[in-house]
Amino acid sequence: MNFIRNTIAVLVGLGITGLMITLGIRVFPQWITFEAFAPFEHWQRFLFSMKDDNAFFGFLLFISGLGSTIGGVATALIVKYAKVAYAILIGFIMLFIAMLDVIIFPYHPTFYKISIFLTFFPFSWIGGKIVEVIYERNKKKRIAEKMNKTK
């Protein structure tokens, strides 16, 4: 049962991360050069239209980090054990997808190619740590309340 729960948690985390990236791209109307909701259906054409816009790629890094953090939080909330490890798995999968993107489509600037390695892991780790710290605080609070009630 934990396997199914963990698989669902990873899929939810990836879905949230993808949704955050999609919504982040849609924030600025001048970047919308596509008809569909998500830009991923025509990604090559979209990247070609953005290839000289360094602000877009900087914002894409930011929104990818934010999406990885929120996806890591969602994943860590759903899994029962190893919350940080599963949150980092979200970062690893997103890094793999970003590396494939950089390899397949040659329109990314150099700073983006380097920075993806510094974005996905740390931000997803932060998402897992947020949940772990909250769970530990709640656990300590429950233990303290139990100790005070028994006195």
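In which helix does lysine 113 lie? Lysine 113 lies in helix 5, which covers residues 110–150, where helices (H or I, at least four residues) and strands (E, at least two) are DSSP runs, numbered from the N terminus. Before the tour goes on, note that this is a predicted model, in which local features need pLDDT of at least 70 and side-chain atom pairs count only at pLDDT 80 or more, while totals for chains, interfaces and linings use all residues. Residues are numbered from 1 along each chain as its sequence is written, and side-chain values use heavy atoms, with hydrogens and water left out.

**The whole chain**

Select the whole protein and show it as a cartoon. The protein has five helices and zero strands, and reading along the sequence gives the pattern α-α-α-α-α. The radius of gyration (taken over C-alpha atoms) is 19 Å, well over the 15 Å that the globule rule gives for 151 residues, so the protein is more spread out than a compact globule; that rule is 2.2 Å times the number of residues to the power 0.38. Along its principal axes, the C-alpha trace spans about 70 × 30 × 25 Å.

Now switch on the surface. The protein exposes about 9200 Å², of which carbon and sulfur atoms supply 69%; accessible areas come from the Shrake-Rupley method with a 1.4 Å probe, and for residues only the protein chains shown count as cover. Of the 151 residues, 39% count as buried, where buried means under 20% relative accessible area, exposed means over 50%, and partly exposed lies in between (1.4 Å probe, protein chains only).

**The nonpolar core**

Next, select Ile25, Leu47, Phe56, Leu60, Tyr112 and Ile116, which touch the most other members among the 24 residues in the largest nonpolar core. Such a core is a set of buried Ala, Val, Leu, Ile, Met, Phe, Trp, Tyr and Cys residues joined through side-chain atoms within 4.5 Å. The elements that give two or more residues to this core are helix 1 (2–26), helix 2 (43–50), helix 3, helix 4 and helix 5, and its largest share, six residues, comes from helix 3.

Stay with leucine 60 for a moment. Leaving aside its neighbours within four places in sequence, leucine 60 is in contact (heavy atoms within 4.5 Å) with Ile21, Ile25 and Tyr112.

**A loop**

Move to alanine 82, which lies in the loop between helix 3 (54–78) and helix 4 (83–104). Alanine 82 has a positive phi of about 55° although it is not a glycine, and it is partly exposed, with a relative accessible area of 45%.

**Along helix 5**

Return to lysine 113, which is partly exposed, with a relative accessible area of 32%. Apart from its neighbours within four places in sequence, lysine 113 is in contact with Val102 and His108. Measure from lysine 113 to glycine 72, C-alpha to C-alpha, and the viewer should give 22 Å for residues that are 41 apart in sequence.

How far apart in space are asparagine 138 and lysine 113? Asparagine 138 is also found in helix 5, and the two residues, 25 apart in sequence, are 40 Å apart from C-alpha to C-alpha. Asparagine 138 is partly exposed, with a relative accessible area of 36%.

The last stop is lysine 141, whose place is in helix 5. At 51% relative accessibility, lysine 141 counts as exposed. The C-alpha atoms of lysine 141 and leucine 11 are separated by 31 Å, with their positions 130 residues apart along the chain.
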